[in-house]
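Please walk me through this structure in the viewer, one selection at a time, and tell me what is to be found at each stop.

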Number of protein chains: 2
Amino acid sequence: MKNPIAALNKIFDSRIRLGVMSILIVNDSVSFNELKQMLDLTDGNLASHLNTLEQVEFLKVQKAFIGKKTNTTYSITELGKQAFKLHLDALEKMIKGI
Amino acid sequence: MKNPIAALNKIFDSRIRLGVMSILIVNDSVSFNELKQMLDLTDGNLASHLNTLEQVEFLKVQKAFIGKKTNTTYSITELGKQAFKLHLDALEKMIKGI
DNA sequence: GTAAAGCACTTTGTTTTACAAAGCTATATA
DNA sequence: TATATAGCTTTGTAAAACAAAGTGCTTTAC
């Protein structure tokens with residue numbers, strides 16, 4: 001058996017980033033505030049994890065206005081989808097001992 | 001939807017501990033050296049993660065002799081099995097958005 | 001019109017964690 | 001005697017998580 005943890009993506013070691021991706025993979029676009037509430041996080045903590053995910057281009061940001069009020073939403077990218085799926089595959093293989 | 005990451009076990013945030021548990025859940029008893037090779041880790045790093053898992057009683061240690069040479073093997077406990085399964089369930093629910 | 005509150009951050013600082021590297025004890029082998 | 005292996009512990013460093021506070025802008029309440 002080859003080292004099973006080598007195939008895991010370090011980005012997804014974090015439960016929060018895993019949570020964000022899990023939400024974004026089933027929801028086209030989710031606002032900062034919705035994520036914050038869903039995952040029960042402080043602003044700073046969420047922002048920093050979103051930043052990490054954005055840096056590696058696993059998600060993209062849309063800044064829009066609702067009236068004059070800013071509204072920021074996040075969506076997963078193709079790259080993010082692929083990376084997430086690869087990670088889940090690796091996880092599954094590891095757990096099932098394949 | 002309730003906060004999906006709250007049900008994850010912090011012990012398993014670590015890829016290495018996840019790897020150890022994945023191995024021990026399908027192998028009754030595995031030696032320090034086998035784990036070290038399977039997961040490609042330094043002694044100290046492996047030892048410290050094993051320690052963490054032992055502290056929370058997710059695994060137990062057997063120290064035996066092969067001749068006069070010590071041989072240490074590790075096995076998962078019932079508690080460890082349960083915790084691991086709960087974690088995997090929580091993961092699955094989170095990912096599938098249940 | 002002033003105050004308070006919300007959104008989406010950034011900055012700062014602390015604590016925790018991961019990890020490598022070296023050291024240690026005991027045995028085994030060359 | 002010297003080197004190697006098993007299974008650790010200790011030490012030190014670097015990275016990560018996180019809370020809390022601060023910021024700028026807007027909106028709502030009084």
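The tour below goes through a predicted model, beginning with the contact between the protein chains and then turning to each DNA strand.

**The two chains together**

Begin by selecting chain A and chain B, and superpose one on the other: chain A can be laid on chain B with an RMSD of 0.0 Å by a turn of 180° and a shift of 0.0 Å along the axis. The two copies are thus related as by a two-fold rotation axis. To find that axis from the side of chain A, select A:Asp13, whose C-alpha, at 3.0 Å, comes closest to the axis among the residues of chain A.

**The interface**

Next, select the residues in contact between the chains, of which 22 come from chain A and 22 from chain B. Of the interface residues of chain A, 100% are also interface residues in chain B, so the copies meet through the same surface. About 2,100 Å² is buried between chain A and chain B, with carbon and sulfur atoms giving 66% of that area. Within this, highlight A:Ile5, A:Arg15 and A:Ile95, which supply 33% of the area that chain A buries against chain B, more than any other three residues.

Keep A:Arg15 selected and add B:Asp13, for these two form a salt bridge in which the closest N and O atoms are 2.9 Å apart; the count between the two chains is two salt bridges. Polar contacts across the interface link eight residue pairs, with both residues at pLDDT 80 or more. Coloured by element, the side of chain A that touches chain B takes at least two residues from each of H1, H2 and helix H4 (78-96) of chain A, and H1(A) gives the most, with six residues. Coloured by class, the residues on that side divide into 13 nonpolar, four polar and five charged.

**DNA strand C**

Now select DNA strand C and the 20 residues around it, among which A:Asp43, A:Lys63, A:Thr72, A:Tyr74 and B:Ile16 come nearest. Of the atoms of DNA strand C that come within 4 Å of the protein, sugar and phosphate account for 81%. Which phosphate contacts are worth a distance label? A polar side-chain atom of A:Lys63 lies 2.3 Å from a phosphate oxygen of this strand, while on the other chain an N or O atom in the side chain of B:Arg17 is 3.2 Å from a phosphate oxygen and one in the side chain of B:Thr42 is 3.1 Å from a phosphate oxygen. The elements giving two or more residues to this surface are helix H2 (32-39), helix H3 (43-55) and strand S3 (69-76) of chain A, together with helix H1 (15-26) and helix H3 (43-55) of chain B.

**DNA strand D**

Finally, move to DNA strand D, where 20 residues lie around the strand and A:Ile16, A:Lys68, B:Lys63, B:Thr72 and B:Tyr74 come nearest. Sugar and phosphate make up 82% of the atoms of DNA strand D that come within 4 Å of the protein. From chain A, select A:Arg17, with a side-chain N or O atom 3.2 Å from a phosphate oxygen, and A:Lys69, with a polar backbone atom 3.1 Å from a phosphate oxygen. Then select B:Asp43, which has an N or O atom of its side chain 3.1 Å from a base nitrogen of DNA strand D. By class, the surface near DNA strand D has four nonpolar, eleven polar and five charged residues.

Notes
Residues are numbered from 1 along each chain as its sequence is written. Chains are lettered from A and ligands numbered from 1 in the order in which they are written. This is a predicted model: local features need pLDDT of at least 70, side-chain atom pairs count only at pLDDT 80 or more; totals for chains, interfaces and linings use all residues. Side-chain values use heavy atoms; hydrogens and water are left out. A residue is near a molecule or strand if one of its heavy atoms lies within 4 Å of it. A polar contact is a pair of N or O atoms within 3.5 Å; within protein, one must be able to donate a hydrogen and the other to accept it, and residues adjacent in sequence count only if both atoms are side-chain atoms. Helices (H or I, at least four residues) and strands (E, at least two) are DSSP runs, numbered from the N terminus. Ala, Val, Leu, Ile, Met, Phe, Trp, Tyr, Cys and Pro count as nonpolar, Asp, Glu, Lys and Arg as charged, and the others, Gly among them, as polar. Contact means heavy atoms within 4.5 Å. Buried area is the accessible area (1.4 Å probe) that two parts lose on being put together, summed over both. A salt bridge is a side-chain nitrogen of Lys or Arg within 4 Å of a carboxyl oxygen of Asp or Glu. Copies are superposed by least squares on the C-alpha atoms of residues with pLDDT of at least 70 in both.
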